[in-house]
Amino acid sequence: MTRRWQVALGANVLLGIPGVIPIWMLWFLAASWTSGPESTDNDPMVLWLPIAAIIVVPYVMLWLSVNRSIARRSSLAPRTYWWLSALATFLPTTALIIYSP
């Protein structure tokens, strides 16, 4: 059981390394839309949507396909597995936020 837990954790931490970019893009879009436009901002946020979709959608598809195959073989409860996977994916982004100068 420990081995399968480690495989799920390791795979999602590794997926989280390239996942820093889509996570940042989603954070940027959310922060930009909730804060409102700046007076010097001439570019509408709608232009960012296709760019974000090109980056986020393939990453989410990869993440789901990898995790579905691991989840089938995992002995963890489904709810536990998916929470572990989501949290492990955010570890590299969290480390960059904490340890950035």
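**Helix packing and buried sites in a predicted five-helix model**

M25 lies in helix α2, which covers residues 20–35. The model described here is predicted. At 4% relative accessibility, M25 counts as buried, because the cut-off for burial is under 20%. Beyond its close sequence neighbours, up to four places away, M25 touches W48, I51, A52 and I55. A C-alpha separation can also be given for M25 and L49. These two residues are 24 apart along the chain, and their C-alpha atoms are separated by 9.8 Å.

The overall fold can be stated briefly. The protein chain has 5 helices and 0 strands. Along the sequence, the pattern reads α-α-α-α-α. The chain has 101 residues, of which 28% count as buried. Contacts between residues at least 6 apart in sequence were also examined. Of these contacts, 69% join residues at least 24 apart.

The pair α3 and α4 was examined next. Two packed helices are described by the angle between their axes and the distance between the axes. The axes of α3 and α4 come within 11 Å. They cross at roughly 140 degrees. The two helices are therefore oblique to each other. The crossing of α3 past α4 is right-handed. On the α3 side, the residues in contact are Y59, W63, N67, R68, I70 and A71. On the α4 side, they are Y81, W82, S85, A86 and T89. By class, this contact has 7 nonpolar, 3 polar and 1 charged residues.

The loop between these helices was then considered. Helix α3 spans 48–73 and α4 spans 78–89, and S74 is placed in the loop between them. S74 has a relative accessibility of 13% and so counts as buried. The side chain of S74 reaches the backbone nitrogen of L76, at 3.1 Å. Leaving aside residues up to four places away in sequence, S74 touches R4 and Y81. Y81 also belongs to the α4 side of the contact with α3.

L76 is found in the loop between α3 and α4 as well. At 14% relative accessibility, L76 counts as buried. L76 and W5 are 71 residues apart along the chain. Their C-alpha atoms are nevertheless separated by 7.3 Å.

The loop between α1 and α2 gives another case. Helix α1 spans 2–16, and P18 is found in the loop that follows, before α2. P18 has a relative accessible area of 46% and is therefore partly exposed. P18 and T89 are 71 residues apart along the chain. The C-alpha atoms of P18 and T89 are separated by 9.7 Å. T89 is also one of the α4 residues that meet α3.

The last site lies in helix α5. This helix covers residues 91–99 and includes T93. The relative accessible area of T93 is 12%, so T93 is buried. Not counting residues up to four places away in sequence, T93 touches V20 and I23. Both of these partners fall within the span of α2, residues 20–35. Helix α2 is also the helix that holds M25.

Note on methods
Residues numbered from 1 in each chain as written. Predicted model: local features only at pLDDT ≥ 70, side-chain atom pairs only at ≥ 80, totals over all residues. Heavy atoms only, no water. Helix = DSSP H or I, 4+ residues; strand = E, 2+ residues; numbered from the N terminus. Buried < 20%, exposed > 50% of the residue type's maximum accessible area, 1.4 Å probe, protein only. Polar contact = N/O pair within 3.5 Å; in protein donor to acceptor, adjacent residues only side chain to side chain. Contact = heavy atoms within 4.5 Å. Axes fitted to C-alpha atoms, helices over the stretch in contact; angles between N-to-C directions. Parallel < 35°, antiparallel > 145°, perpendicular 65-115°, else oblique. Left-handed = near helix turned anticlockwise from the far one by under 90°. Nonpolar A, V, L, I, M, F, W, Y, C, P; charged D, E, K, R; others polar.
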